Amino acid sequence: MSDHEPYGVDHGSHDDDGLLGGSAAAAPRGSAAGGRRRGRKRRSGCLPVLIVLALVAAGGFFLVRSIDLKNPFASDEAKDYSGPGTGEVVFTVSTGDSISAMGRNLEELGVVASSKAYVEAAEADTASRGIGEGVYQLKKEMKAADVVDLLVSGRTEGTSFTFTSGKWVSEVVSLLAKDTGVSRGQYQAALEDPESLGLPAQAEGDVEGYLSPGSYTFFPDDDATAILSAMVSRTKQTLGRLGVASAAKRLDYSAHDLVTIASLIEAEGSLLDEKGKAKIARVIYNRLENPTAETIGKLQLDATVNFARKERVAVLTQAQIDEVADSPYNTYTNVGLPPGAIATPSRAALEAATKPAKGDWLYYVTVNLGTGETKFAETYDEFLGLKQELRDYCDNESDRC
């Protein structure tokens with residue numbers, strides 16, 4: 001949106017009282033002698049029955065335990081490969097992955113025979129607690145303990161690479177060419193073959209928005225395809241964990257639309273926290289779904305114009321907007337979403353796209369370019385007031401405008 005910072009930096013219970021109390025309740029309270037005779041008869045008859053019941057119950061317990069321990073139809077032994085494995089598999093560990101989550105992912109990739117085997121091997125090795133995020137070279141059908149060993153020690157052999165969210169693919173490629181020893185031309189050639197990168201069909205061949213930000217470890221024999229594939233693979237994992245496909249159906253958009261919306265949120269409000277991002281998401285959805293006389297269904301986002309111009313400008317002029325009037329990414333001249341993502345969205349931005357805040361806002365303005373403070377408005381008049389607040393800030397506190 002104009003005049004704001006477009007990016008930034010049973011258990012059930014057994015009723016014993018009902019069983020024993022029922023017998024006691026059956027004894028009449030007549031004569032004391034009669035009561036005693038009847039009481040003695042009941043005790044002499046119940047005790048053997050209770051003893052038998054207790055023995056049966058005890059025997060039943062041990063029988064059940066015996067069946068549990070020796071069930072011929074179930075095995076406590078986790079399925080595991082003997083190793084050493086074949087082929088090559090790129091495996092990504094993301095921040096916050098638990099041992100069980102890694103086990104499930106490894107099983108899905110065919111690296112281990114079962115997630116249980118990996119979990120048991122990892123729990124038996126205290127060094128597994130030091131496994132960090134990154135990209136690892138593994139093989140299919142490996143022994144679980146060997147996988148743990150490689151994850152514990154394998155990262156030291158590679159080169160670490162990190163990039164933050166909000167980058168364009170062209171910027172990511174420039175960083176990769178500088179840090180990995182693989183040329184820009186090789187990366188460009190790999191990008192022209194999106195199928196080899198494992199790009200999901202929803203992306204329609206456009207890698208923009210599908211290179212996951214974060215830290216990676218690359219190895220000397222990794223080529224451009226392997227490196228970019230690792231980034232795409234991590235994005236697919238994140239989309240799956242956040243349930244983006246199901247959220248898209250619930251919101252009546254495509255999964256690709258949600259990735260595009262998340263990229264807009266990232267580019268427009270990277271300095272905002274989760275709540276702020278969710279509010280920007282709501283503005284986007286409100287403009288798409290409830291066009292007013294002022295907005296007429298246009299998003300009017302500076303970040304999309306910057307993407308079209310391939311230049312980052314904090315506050316755009318009308319002349320700069322007009323330079324790319326014919327671009328499908330110019331949301332001042334086109335109604336609806338741009339054709340694809342304009343940045344690498346963070347996990348928080350993707351989550352905001354799936355869970356927008358509730359509200360009737362149609363406008364927002366970042367009134368402090370240093371802190372990213374952003375204010376929201378429902379009416380055009382309120383928006384004009386926020387624009388003036390930004391102008392005052394630019395005139396008195398910042399030269400970034």
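Student: How should I read the burial of a single side chain here: is F307 buried or exposed?

Tutor: The structure is a predicted model, and the reading rests on relative accessible area, where a value under 20% counts as buried. F307 has a relative accessible area of 7%, and therefore it is buried. The charged end of K310 sits over the ring of F307, at 3.6 Å from the ring centre.

Student: Before going further, how much confidence does the prediction carry, and which stretches have a pLDDT below 50?

Tutor: The general caution is that where pLDDT is low, the predicted coordinates should not be read in detail. In this case the chain averages a pLDDT of 83, with 80% of the residues scoring at least 70. Residues 4-44 have a pLDDT below 50, and in the model this stretch has 36 contacts beyond near neighbours in sequence. Over residues 46-75 the pLDDT is again below 50, and there the model has one contact beyond near neighbours in sequence.

Student: How do I read aromatic pairs, and how many does the structure hold?

Tutor: A pair of aromatic rings is described by the distance of the centres and the angle of the planes. The structure holds 11 aromatic pairs. One of them is formed by W168 and F307, whose centres are 6.2 Å apart and whose planes stand at 80 degrees, an edge-to-face arrangement. This pair links distant parts of the chain, since W168 lies in the loop between β3 (159-163) and α6 (169-179), while F307 belongs to helix α12 (residues 302-309), 139 residues apart. W168 is buried, with a relative accessible area of 6%.

Student: What geometry do the rings of W361 and F376 have?

Tutor: Their centres are 5.7 Å apart and their planes meet at 55 degrees, so the pair W361 and F376 is tilted. W361 is in the loop between α14 (347-354) and β5 (363-366), and F376 is in strand β6 (residues 374-377), so the pair ties together parts that are 15 residues apart in sequence. Both rings belong to buried residues: W361 has a relative accessible area of 16%, and F376 has one of 18%.

Student: Which residues form one aromatic cluster, and where does the charged end of R234 sit?

Tutor: F161, F163, Y216 and F218 form one aromatic cluster. The charged end of R234 sits over the ring of Y216, 3.9 Å from the centre of that ring.

Student: How do I read a nonpolar core, and which residues have the most contacts inside the largest one?

Tutor: In soluble globular proteins, nonpolar side chains tend to be buried together. Here the largest nonpolar core has 63 residues, and those with the most contacts inside it are L176, L211, L228, M231 and I265. A second, separate core has 20 residues, including A78, V89, Y118 and L151. To return to L211, its contacts, not counting residues up to four places away in sequence, include F163, V169, V172 and L228, as well as M231 and V232.

Student: How can I follow the packing of one helix, for instance α14: which of its residues are buried, and what covers them?

Tutor: The buried residues of α14 are A349, L350, A352, A353 and T354. What covers them includes α8 (224-242), α9 (244-251), α10 (255-269) and α11 (274-289). Helix α10 also holds T260, which is buried, with a relative accessible area of 1%. Leaving aside residues up to four places away in sequence, T260 touches L337, P338, G340 and A341.

Student: Where is P356 found, and what is it in contact with?

Tutor: P356 is found in the loop between α14 and β5 and is buried, with a relative accessible area of 15%. Although P356 and I280 are 76 residues apart in sequence, their C-alpha atoms are 7.9 Å apart in space. Apart from neighbours within four places in sequence, P356 is in contact with A278, A281, R282 and Y285.

Student: Finally, how many disulfides does a search of the whole structure find, and how is the handedness read?

Tutor: The search finds one disulfide, joining C394 to C401 with an S to S distance of 1.7 Å. Handedness is read from the torsion about the S-S bond, which for C394 and C401 is about -80 degrees, so the disulfide is left-handed. C394 counts as buried at 15% relative accessibility, whereas C401, at 42%, counts as partly exposed.

Key. Residues are numbered from 1 along each chain as its sequence is written. Side-chain values use heavy atoms; hydrogens and water are left out. pLDDT is the predictor's confidence in each residue, from 0 to 100. Contact means heavy atoms within 4.5 Å. Rings of Phe, Tyr and Trp (its six-membered ring) pair if their centres lie within 6.5 Å; planes under 30 degrees apart count as stacked, over 60 as edge-to-face and the rest as tilted. Helices (H or I, at least four residues) and strands (E, at least two) are DSSP runs, numbered from the N terminus. Buried means under 20% relative accessible area, exposed over 50%, partly exposed in between (1.4 Å probe, protein chains only). A charge sits over a ring if NZ of Lys or CZ of Arg is within 6 Å of the ring centre and within 35 degrees of the ring normal. A disulfide is a pair of cysteine sulfur atoms within 2.5 Å. A nonpolar core is a set of buried Ala, Val, Leu, Ile, Met, Phe, Trp, Tyr and Cys residues joined through side-chain atoms within 4.5 Å.
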